[in-house]
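Me: Could you walk me through this one? I'd like to start with the core and then move on to the strands.

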Amino acid sequence: MIISMSNMDSISYGRNTSSLLIVVSCVLLAAVQWCNAAQYKVGGDNGWVLGGSNYAAWSRHHNFRAGDTLLFQYPPGTHSVLQVSQQDFKDCSTSSPVLTATGGSNVIRLSKAGTYWFICGFNGHCSGGMKFAVQASGSAATAQELSESSDHYLNACPTQLS
Ligand SMILES: [Cu+2]
């Protein structure tokens with residue numbers, strides 16, 4: 001009787017352990033996938049301002065992926081963010097933006113792989129240097145890449161990259 005109880009206990013314990021493992025695995029997987037997308041503060045500490053950064057150089061310094069987000073920060077009313085076509089980017093033309101963001105704090109998601117062009121919509125700011133392109137690659141970071149560059153991507157969970 002005691003042995004039989006003990007067997008039942010051990011079976012029951014085994015079930016609980018595997019359920020727990022499944023739950024833990026799911027949580028870990030979700031955490032990895034969430035951390036997988038990084039947020040980059042455009043221009044680093046200086047943010048999105050006239051003469052604040054060499055934005056083209058800032059952009060070249062990072063490896064953007066589909067799913068990552070860009071954070072534009074600037075004093076409200078002093079700048080804007082326009083996503084534009086490649087031609088409008090070259091011309092600094094603000095006449096037909098794909099997307100317009102204002103207000104001082106904008107998060108723009110690089111939703112899919114490709115090239116994105118951003119300029120400031122304020123007169124003279126684009127030609128003054130507030131313009132850059134972002135190349136987002138298609139594949140999400142793999143677990144291996146995450147571990148190889150843990151200082152980069154895993155830190156993206158609690159903090160912002162600049
Ligand atoms: Cu501006």
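Reply: The largest nonpolar core has 21 residues, and Val42, Phe72, Phe118 and Ile119 touch the most other members. A nonpolar core here is a set of buried Ala, Val, Leu, Ile, Met, Phe, Trp, Tyr and Cys residues joined through C-beta atoms within 7 Å, where buried is defined as 20 or more other C-beta atoms within 10 Å of a residue's own, with C-beta atoms placed from the backbone. This is a predicted model, in which local features need pLDDT of at least 70, side-chain atom pairs count only at pLDDT 80 or more, and totals for chains, interfaces and linings use all residues. Residues are numbered from 1 along each chain as its sequence is written.

Me: Which elements give two or more residues to this core?
Reply: They are β3 (69–73), β4 (81–84), β7 and β8, with strands taken as DSSP E runs of at least two residues, numbered from the N terminus.

Me: And what is Phe72 in contact with?
Reply: Leaving aside neighbours within four places in sequence, Phe72 is in contact (C-beta atoms, placed from the backbone, within 7 Å) with Val42, Trp48, Val81, Ala101 and Asn106.

Me: Switching to the sheet, what is the strand order?
Reply: Five strands form an open sheet ordered β2-β8-β7-β4-β5, with mixed pairing, two strands being paired if DSSP finds at least two bridges between them. At the edges, β2 (64–65) and β5 (99–101) each pair on one side only.

Me: How many bridges join β7 to β8?
Reply: Six bridges join β7 (residues 114–119) to β8 (residues 131–137), and the two strands run antiparallel; Phe118, one of the core residues named above, stands opposite Phe132 in β8.

How values were computed: Helices (H or I, at least four residues) and strands (E, at least two) are DSSP runs, numbered from the N terminus. A residue is buried if 20 or more other C-beta atoms lie within 10 Å of its own, exposed if 12 or fewer, and partly exposed in between; C-beta atoms are placed from the backbone. Two residues are in contact if their C-beta atoms, placed from the backbone, lie within 7 Å.
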